[in-house]
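Me: I have a structure open and want to learn how to read it. Can you take me through it step by step?

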2 protein chains.
Amino acid sequence: MTTKAVELAKAKVKLTPRRASCAAQDCHACEIRDLTFCAGLDESEIATLSGIALRMHFAKRRVIFHEGDAADMVYNVTQGAVRLCKLTPDGRRQITGFLLPGDFLGLGGRQGYAYGAEAITDVELCRFRRDKLEKLFENHRQLERRLFKIANDELAIAQDQMLLLGRKTAKERLATFLLNLSEREELRGGQGGVVYLPMVQEDIADYLGLTIETVSRTISQLKRDRLIHQTTSHEFELPRIEELRHLAEQT
Amino acid sequence: MTTKAVELAKAKVKLTPRRASCAAQDCHACEIRDLTFCAGLDESEIATLSGIALRMHFAKRRVIFHEGDAADMVYNVTQGAVRLCKLTPDGRRQITGFLLPGDFLGLGGRQGYAYGAEAITDVELCRFRRDKLEKLFENHRQLERRLFKIANDELAIAQDQMLLLGRKTAKERLATFLLNLSEREELRGGQGGVVYLPMVQEDIADYLGLTIETVSRTISQLKRDRLIHQTTSHEFELPRIEELRHLAEQT
DNA sequence: ATCGGTCGATGATCTGAATCAAGGCCGGTG
DNA sequence: CACCGGCCTTGATTCAGATCATCGACCGAT
């Protein structure tokens, strides 16, 4: 880590302080009602959940919470994209995840949150006080079981990411990343083979354990190899998805 | 990845096939009763748990389960050390965790286990059928909550490991690793500043995303710097733990 | 005691990705 | 519409760690 790099890295922490608008939530009308942990609840459960949910808006670049903050809230992303960041004291950053509509936010803390959360785009969130949610579990065990399942899924995803960070080449990392986004897009009802990248290349670099230059070069190379095709500034097509999958060395 | 490396890597998969001895379990007499998810249960709960627990033994190098196996069992490690492995098709390996007495095994699968588990030393395990354990949850919510907490802890640990793999230098990785083991040793009632390493350097390399040569060289360097001191073939002292902590860039 | 295998240490060399450096593109703004 | 700043691209060079190659210590089996 050079001096210059440290300066640049410190500059990463120039986000707008936390601030957000709020409103009561109507879960019945929620756009992601079928996607996340509230999926498949019966009417009464939805109504109860609605009672403790608070709808929030965060503008692009706003901090939702910091690493180490008391972890007394959990969230559901209903619109936009969020990044989860960890920082070393000297400013190196690791992004441990990107959240998209339907994703759950706030698990994985012991004392405080294990990571900070920042809005990549304008973001709509549905917020729950953790203690109220846990109270709800007493009569709605289904909800608790679902949350446990989400924690399990995240754990499996984290393990995959460790394999990527520990053992994959830059090209394999990019291929894996694009395929993962494509799969999530499909789960959310989008078409396969098209991915939308709301984040900038610096975010991708910090997620994949690379530098922006390597990300840019590798994307250029994948384009030259016709494995990906950029349609707009934030959208890519994956025309030869099987080859990409092979490149990613999917275990 | 060179051809030679692939050959070597494939050789990693020369473990003895799964086989183990079993016996009924008496949780009252368990040596780690205060350490793990059964800690602090009342007599009746311990008795119930005892009823569905099966004590197992795995010899050194034996496979406990493979990545992708149906995840219908969970375990508690009571003696010995276990490694969790993920492999790429061409044989590169990432170890996603080491388990020691008191640690829980088997979370983090979607369909099957997200990783394989192998005995590093001779291992004693306490095995539970997942469905029976879940049945138990209905009347023992405490147990379920504790398991959820374990999943949360593992998630936080996984995030820390991502930061390590994505952004730390070799020296920082080793320092972090040794400190983590030291902390776990203390939790298990051992003294701080002394760590026991049951695994070989190849395992450490595959856990930290390095090669065996780099691990060996870095350990040599830490010894020269008098930050660690090797007492026996598997035991180290950390005489200047604060300096080591600084080196590890603890966030 | 002798072998054979595993494990760890260390030197020499190579290389993938980082770093350093310079421009280019584009969208927003005065 | 010209300027500015954020973001991306690409070339040149460096470097941390990988790879390749030995060697020695240890240990269990014969």
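The turns below go through sheets, helix packing and the DNA strands.

Me: Before we start, what kind of model is this?
Reply: It is a predicted model.

Me: Let us begin with sheets. How do strands of a sheet pair?
Reply: They pair through backbone hydrogen bonds, and the pairing is either parallel or antiparallel. Now take chain A. Four strands make an open sheet there, in the order β3-β8-β5-β6, with antiparallel pairing.

Me: Which are the edge strands of that sheet in chain A?
Reply: They are β3 (63-65) and β6 (93-99) of chain A, and each pairs on one side only. On average, neighbouring strands of this sheet are turned by 30° against each other, direction ignored.

Me: Over how many bridges do β5 and β8 of chain A pair?
Reply: Four bridges link β5 (residues 82-87) and β8 (residues 116-119) of chain A, in the antiparallel sense. To find the register, look for residues that face each other. A:Arg83 stands opposite A:Glu118 in β8(A).

Me: What is the strand order in the open sheet of chain B?
Reply: In chain B the order is β3-β8-β5-β6, with four strands and antiparallel pairing. Its edge strands are β3 (63-65) and β6 (93-99) of chain B, each pairing on one side only. The twist averages 30° from one strand to the next.

Me: Which residue stands opposite B:Leu87?
Reply: That is B:Arg93 in β6(B). The strands β5 (residues 82-87) of chain B and β6(B) pair over six bridges, in the antiparallel sense.

Me: Which helices lie across these sheet strands?
Reply: Take one from each case. Helix α6(A) lies across β5 and β6 of chain A and runs at about 105° to β6(A). Helix α4 (residues 141-167) of chain A lies across β5 and β6 of chain B, at about 125° to β6(B). Here a helix of chain A lies across strands of chain B.

Me: Now helix against helix. At what angle do α6 and α7 of chain A pack?
Reply: Read the angle and the distance together. Helix α6 (residues 201-208) of chain A packs against α7(A) at about 100°, and the axes are 8 Å apart. The two helices are therefore roughly perpendicular to each other.

Me: Which residues make the contact?
Reply: From α6(A) come A:Gln201, A:Glu202, A:Ile204 and A:Ala205. From α7(A) come A:Ile212, A:Val215, A:Ser216 and A:Ile219. By class, this contact has five nonpolar, two polar and one charged residues.

Me: How far apart are the axes of α5 and α6 in chain B?
Reply: They are 11 Å apart, and α5 (residues 170-187) packs against α6 (residues 201-208) of chain B at about 110°. That makes α5(B) roughly perpendicular to α6(B). B:Arg173, B:Leu174 and B:Phe177 in α5(B) meet B:Ile204, B:Tyr207 and B:Leu208 in α6(B). The classes are five nonpolar, no polar and one charged residues.

Me: On to the DNA. How many residues surround DNA strand C?
Reply: There are 18, and the closest are A:Ala170, A:Thr214, A:Arg217, B:Gln201 and B:Ser216. Next, ask which part of the strand faces the protein. Of the strand C atoms within 4 Å of the protein, 67% belong to sugar or phosphate and the rest to bases.

Me: Which polar atoms come up to the phosphates of strand C?
Reply: Check backbone and side chain separately. A polar backbone atom of A:Ala170 is 2.8 Å from a phosphate oxygen of strand C. For A:Thr211, an N or O atom in the side chain is 3.0 Å from a phosphate oxygen. A polar side-chain atom of B:Gln201 lies 2.8 Å from a phosphate oxygen.

Me: Which helix gives the largest share of the surface near strand C?
Reply: It is α7(B), with five residues. By class, this surface has three nonpolar, eight polar and seven charged residues.

Me: Which residues come nearest to DNA strand D?
Reply: Of the 17 around it, these are A:Gln201, A:Arg217, A:Ser220, B:Thr214 and B:Arg217. Sugar and phosphate account for 64% of the strand D atoms that come within 4 Å of the protein.

Me: What does B:Arg217 approach on strand D?
Reply: An N or O atom in its side chain is 2.8 Å from a base oxygen of strand D. Compare the part of the strand met by A:Ser220: a polar side-chain atom there lies 2.7 Å from a phosphate oxygen.

Me: Which helix gives the most to the surface near strand D?
Reply: Helix α7(A) does, with five residues. The surface divides into three nonpolar, eight polar and six charged residues.

Notes
Residues are numbered from 1 along each chain as its sequence is written. Chains are lettered from A and ligands numbered from 1 in the order in which they are written. This is a predicted model: local features need pLDDT of at least 70, side-chain atom pairs count only at pLDDT 80 or more; totals for chains, interfaces and linings use all residues. Side-chain values use heavy atoms; hydrogens and water are left out. Axes are lines fitted to C-alpha atoms, for helices over the stretch in contact, and angles run from 0 to 180 degrees between N-to-C directions. Angles under 35 degrees count as roughly parallel, over 145 as roughly antiparallel, 65 to 115 as roughly perpendicular and the rest as oblique. Contact means heavy atoms within 4.5 Å. Ala, Val, Leu, Ile, Met, Phe, Trp, Tyr, Cys and Pro count as nonpolar, Asp, Glu, Lys and Arg as charged, and the others, Gly among them, as polar. A residue is near a molecule or strand if one of its heavy atoms lies within 4 Å of it. A polar contact is a pair of N or O atoms within 3.5 Å; within protein, one must be able to donate a hydrogen and the other to accept it, and residues adjacent in sequence count only if both atoms are side-chain atoms. Two strands pair if DSSP finds at least two bridges between them.
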